[in-house]
Amino acid sequence: MGGRAGRGRMTQGQHRATPWPEARARAARAGAGARAATARPPVRVPLGQALGRVLAEPLRALTDLPSFDSSAMDGWAVAGPGPWTVREESVLAGHAGAAALAAGEAVRIATGARVPAGATAVVRSEHARTEAPADPRAGTVLLHPLRAVVTGQDIRPRGQECRVGDELLPAGTVVGPAVLGLAAAAGYDEPAVLPRPRVEILVLGDELLTSGLPHDGLIRDALGPMLGPWLTALGAEVLATRRIGDDAEALYDAVTGSAAELVVTTGGTAAGPVDHVHRVLDKAGATLLVDGVKVRPGHPMLLARLDAGRHLVGLPGNPLAAVSGLLTLAAPLLAALMEEQAEAAEAPRFPVRDAVQGHPYDTRLVPVVHRDGTLVPLHYNGPAMLRGIAAADAMAVVPPGGAEPGRRLALLALPRPTETPSAQGACFT
């Protein structure tokens with residue numbers, strides 16, 4: 001599935017291979033350097049499109065919160081000590097406020113409603129009782145407290161949470177659901193966020209089909225449909241997923257003509273007769289930052305700097321090897337471009353239930369699931385297989401030599417996209 005893993009990699013390439021932790025660190029440094037070299041201005045997006053984005057500037061309150069004195073409970077707004085004379089009206093949330101209360105008056109009020117001027121407290125419904133007059137045609141209803149009333153109780157005063165101009169969150173905050181709610185409450189329609197890094201995907205290989213069943217030596221392209229949504233989940237704006245085939249000139253034109261900050265290629269990273277990525281990078285004057293990584297699967301992956309603000313990640317063509325390259329090189333680079341610190345944080349560690357065979361010298365990335373507080377390695381974890389990763393909760397980082405039962409292993413999270421823009425899944429020439 002998906003293309004070549006990189007056929008017949010040269011011996012000297014193996015000697016150049018970078019240790020897996022260092023490869024990720026280089027990718028993060030590359031992303032930070034590109035961000036500094038080509039700073040793009042912030043963009044304003046509707047709140048509904050801001051989820052997962054990064055605040056480009058501090059979130060400052062555009063209004064007091066609350067913006068008026070409001071009731072924290074259903075009950076009675078009262079003025080002064082009780083008992084109180086009840087006015088025949090109710091104050092509801094979202095409606096015009098009631099006239100000012102005089103001392104000794106009370107009015108029914110709903111949670112969230114504006115507290116009338118002159119009110120000194122809100123008495124909860126269950127903390128008061130009403131007394132009707134003996135003759136309903138004469139006199140007024142009285143409200144009696146059932147417990148002591150403290151001035152200001154159950155009133156949310158204007159500005160209790162913040163005042164106009166207060167900094168609510170710093171720049172660099174990732175916008176989650178709670179941030180969306182806070183921004184909306186603070187008056188925002190279009191918060192300023194960092195632009196998404198632009199990515200273009202180039203799917204290489206004459207042997208790839210975009211539809212139908214494999215036949216006559218041709219196989220289905222598994223990476224074209226997968227990489228766009230995955231990169232979107234990592235925070236990128238995927239400009240296009242293009243099929244190039246085994247054409248060095250077309251690949252050169254696509255790489256040098258791309259407007260993306262990150263070009264991602266699939267396959268062709270070794271030294272076979274139609275593995276053109278290295279030759280194209282040489283011709284383009286690119287600088288190799290990582291040329292092979294000591295990791296299984298995916299060791300033929302590479303990272304190159306095209307210019308000060310643009311990079312290329314070359315993924316192996318085998319599907320699980322490509323996922324390994326995506327998590328090893330593309331994820332930390334994109335995180336740094338977006339000024340996120342998640343990649344630098346200590347990865348969570350969990351004990352592995354079963355022994356995991358390791359490589360003598362290289363790191364292994366193995367699909368796992370969580371079971372009763374432990375990690376269970378999945379089968380079907382060969383370089384060309386997607387069956388294991390499709391069922392996985394995460395990828396476990398297995399050090400050289402393997403891991404015995406009970407050893408705590410670091411995890412790489414697998415993104416869970418919530419939507420797939422229609423342009424990303426299609427390959428076109």
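Pro 83 lies in the loop between β5 (75-78) and β6, where strands (E, at least two residues) and helices (H or I, at least four) are DSSP runs numbered from the N terminus. The bond that joins Gly 82 and Pro 83 is a cis peptide, with omega at about 0 degrees. Before going further, the ground rules: this is a predicted model, so local features need pLDDT of at least 70 and side-chain atom pairs count only at pLDDT 80 or more, while totals for chains, interfaces and linings use all residues. Residues are numbered from 1 along each chain as its sequence is written, and side-chain values use heavy atoms, with hydrogens and water left out.

**The sheet around β6**

β6 belongs to an open sheet of six strands, in the order β8-β5-β7-β6-β10-β9, with mixed pairing. The edges are β8 (121-124) and β9 (128-131); each has a single partner strand, so one side of each is left without a neighbour in the sheet. On average, neighbouring strands here are turned by 40 degrees against each other, direction ignored; the axes behind that angle are lines fitted to C-alpha atoms, for helices over the stretch in contact, and angles run from 0 to 180 degrees between N-to-C directions.

Pairing itself takes at least two DSSP bridges between two strands. β6 (residues 84-91) and β10 (residues 142-145) run antiparallel and are joined by two bridges. Trp 84 has Leu 143 as its bridge partner in β10, and Thr 85 stands opposite Leu 142. Thr 85 also has a bridge partner in β7, namely Glu 105; β6 and β7 (residues 105-109) pair in the parallel sense, over four bridges. On to β9, which is antiparallel to β10 and joined to it by four bridges. There, Thr 130 has Leu 143 of β10 as its bridge partner.

What happens to side chains along a strand like these? In a regular strand they alternate between the two faces of the sheet.

Past β10, Val 149 is in the loop between β10 and β11 (155-156). Val 149 and Val 78 are 71 residues apart along the chain, and their C-alpha atoms are separated by 9.7 Å. Val 149 counts as partly exposed because its relative accessible area is 31%; the cut-offs are under 20% for buried and over 50% for exposed, with partly exposed in between (1.4 Å probe, protein chains only).

**A second six-stranded sheet**

The other open sheet listed here also has six strands, ordered β17-β14-β18-β22-β21-β19, again with mixed pairing. Its edges are β17 (237-243) and β19 (287-291), each with a single partner strand, so each has one side without a neighbour in the sheet. Neighbouring strands are turned by 20 degrees against each other on average, direction ignored.

β14 (residues 198-203) and β17 run parallel and are joined by six bridges. Ile 201 has its bridge partner, Thr 241, in β17. Val 203 is in β14 too, and counts as buried because its relative accessibility is 1%. The C-alpha atoms of Val 203 and Gly 268 are separated by 9.7 Å, with the two positions 65 residues apart along the chain.

**Helix α2**

Helix α2 (residues 20-37) has 18 residues and reaches 26 Å from its first C-alpha to its last, close to the expected 26 Å, a figure that comes from 1.5 Å times one less than the number of residues. Its buried residues include Trp 20, Ala 23, Arg 24, Ala 27, Ala 30, Gly 31 and Ala 34. They cover an arc of only 120 degrees around the axis, which puts them on the same side of α2; the arc is that of the directions from the helix axis to the C-beta atoms. An α-helix has 3.6 residues a turn, so residues three or four places apart point the same way. Pro 21 and Ala 36 are exposed, on the face turned away from the buried side.

**Charges over rings**

A charge sits over a ring if NZ of Lys or CZ of Arg is within 6 Å of the ring centre and within 35 degrees of the ring normal.

| Charged residue | Ring | Distance to ring centre |
|---|---|---|
| Arg 108 | Trp 76 | 4.0 Å |
| Lys 283 | Tyr 252 | 4.4 Å |

**Backbone oddities**

Arg 296 and Pro 297 are joined by a cis peptide bond, omega about -5 degrees. Pro 297 is in the loop between β20 (293-296) and β21 (302-307).

Asp 216 is not a glycine, yet its phi is positive, about 50 degrees. Asp 216 is in the loop between β15 (208-209) and β16 (219-220), and is exposed at 75% relative accessible area.
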